[in-house]
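Here is a short briefing on a sheet and the helices that pack on it. Please keep the structure in view while reading.

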Amino acid sequence: MSSDENTMPAKFDTIKFDAEATAKNLGHANLKAFQTWMSLEPDGVAGPKTITKLISRFCSMPDFGNAPEDAQWPTSCLDVLCAYAFDQVNVGASVVREAWLMALETWNHTCGIRLTLGNDLNAAKVWATDGPLPGSTLAWSFLPQNRCDDRIEQRYDTLVTWDRDFLAKVILHEIGHAIGLEHSNNQADIMYPSISSSPYSTYPGPGDKSTLVRYYGPPTTPPPLPPPPGGSNVKHFSEYLAKACSDYDPPAPPDDSGGNLFP
Ligand SMILES: [Zn+2]
């Protein structure tokens with residue numbers, strides 16, 4: 001990882017928001033769900049420990065408590081086109097594209113989903129825009145609804161100072177939602193909802209992998225990707241993929257009784 005990682009919490013601290021108002025807006029049930037995710041006593045009361053956790057920036061408050069069981073893309077449509085339109089992200093177009101490619105390739109190397117990047121928001125099954133988001137939310141994403149004609153919207157915050165690795169981490173997390181992952185309370189998983197833990201995960205953790213392989217089977221070999229525009233940080237990108245692949249533990253093959261990887 002780049003040395004930028006060590007400076008990220010300071011960037012978060014520049015973001016001001018009202019944690020008590022956020023807790024009130026979440027509502028009792030969602031606050032209890034949030035406390036459960038954060039391994040706090042789920043009493044639905046915004047006490048000091050809960051406020052401390054709320055001050056940490058995390059993803060996608062709306063998805064707390066609203067996730068369907070086994071949200072996933074059906075196995076008959078694992079080619080999922082993604083597209084984004086980021087007009088205001090400060091890091092530059094080539095870095096944004098590189099962050100997306102990192103995120104999509106990481107999931108492609110984790111399970112049998114086949115995520116590709118396109119330009120047409122209307123044609124994409126996962127489409128993302130950016131804009132100012134309230135409270136501590138960095139980004140949000142809907143979950144798939146077990147149907148091939150689903151279209152999933154995402155939004156990324158414009159009130160934060162992004163850089164490539166930080167943006168890639170958040171895109172990784174949000175694409176995780178878009179392929180069916182709910183939040184995890186294991187900090188080793190990308191789906192841990194807070195990004196302020198140190199060190200935060202940049203690679204799929206055991207929870208991420210086991211769920212996705214159950215949904216989509218083991219990864220297939222995707223076609224080579226074109227280099228990112230400008231060719232910047234290609235070495236880093238390769239190392240990133242190599243790490244993602246080396247972390248992957250292939251599941252045992254199905255037994256002779258005809259076991260099926262797909263639920
Ligand atoms: Zn999330």
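The points below cover the sheet, its strand pairs and its helices.

This is a predicted model. Its open sheet has 5 strands with mixed pairing. The strand order is β2-β1-β3-β5-β4.

**Sheet layout**
- The edge strands are β2, residues 114-118, and β4, residues 139-141.
- Each of these edge strands pairs on one side only.
- On average, neighbouring strands of the sheet are turned by 20 degrees against each other, with direction ignored.

**β1 and β3**
- Strands β1 and β3 run parallel and are joined by 4 bridges.
- Cysteine 82 has valine 126, in β3, as its bridge partner.

**β3 and β5**
- Strand β3 spans residues 126-131, and strand β5 spans residues 152-157.
- These two strands run parallel, with 6 bridges between them.
- Threonine 129 has arginine 155, in β5, as its bridge partner.
- Aspartate 157 in β5 stands opposite glycine 131.

**Helices on the sheet**
- Helix α5, residues 93-108, packs on the sheet.
- Helix α5 touches β1 (79-85) and β2.
- The direction of helix α5 makes about 165 degrees with that of β2.
- Helix α6, residues 164-178, lies across β2, β3, β4 and β5.
- Helix α6 runs at about 20 degrees to β4.

Technical notes: Residues numbered from 1 in each chain as written. Predicted model: local features only at pLDDT ≥ 70, side-chain atom pairs only at ≥ 80, totals over all residues. Pairing = 2+ DSSP bridges. Axes fitted to C-alpha atoms, helices over the stretch in contact; angles between N-to-C directions. Contact = placed C-beta atoms within 7 Å.
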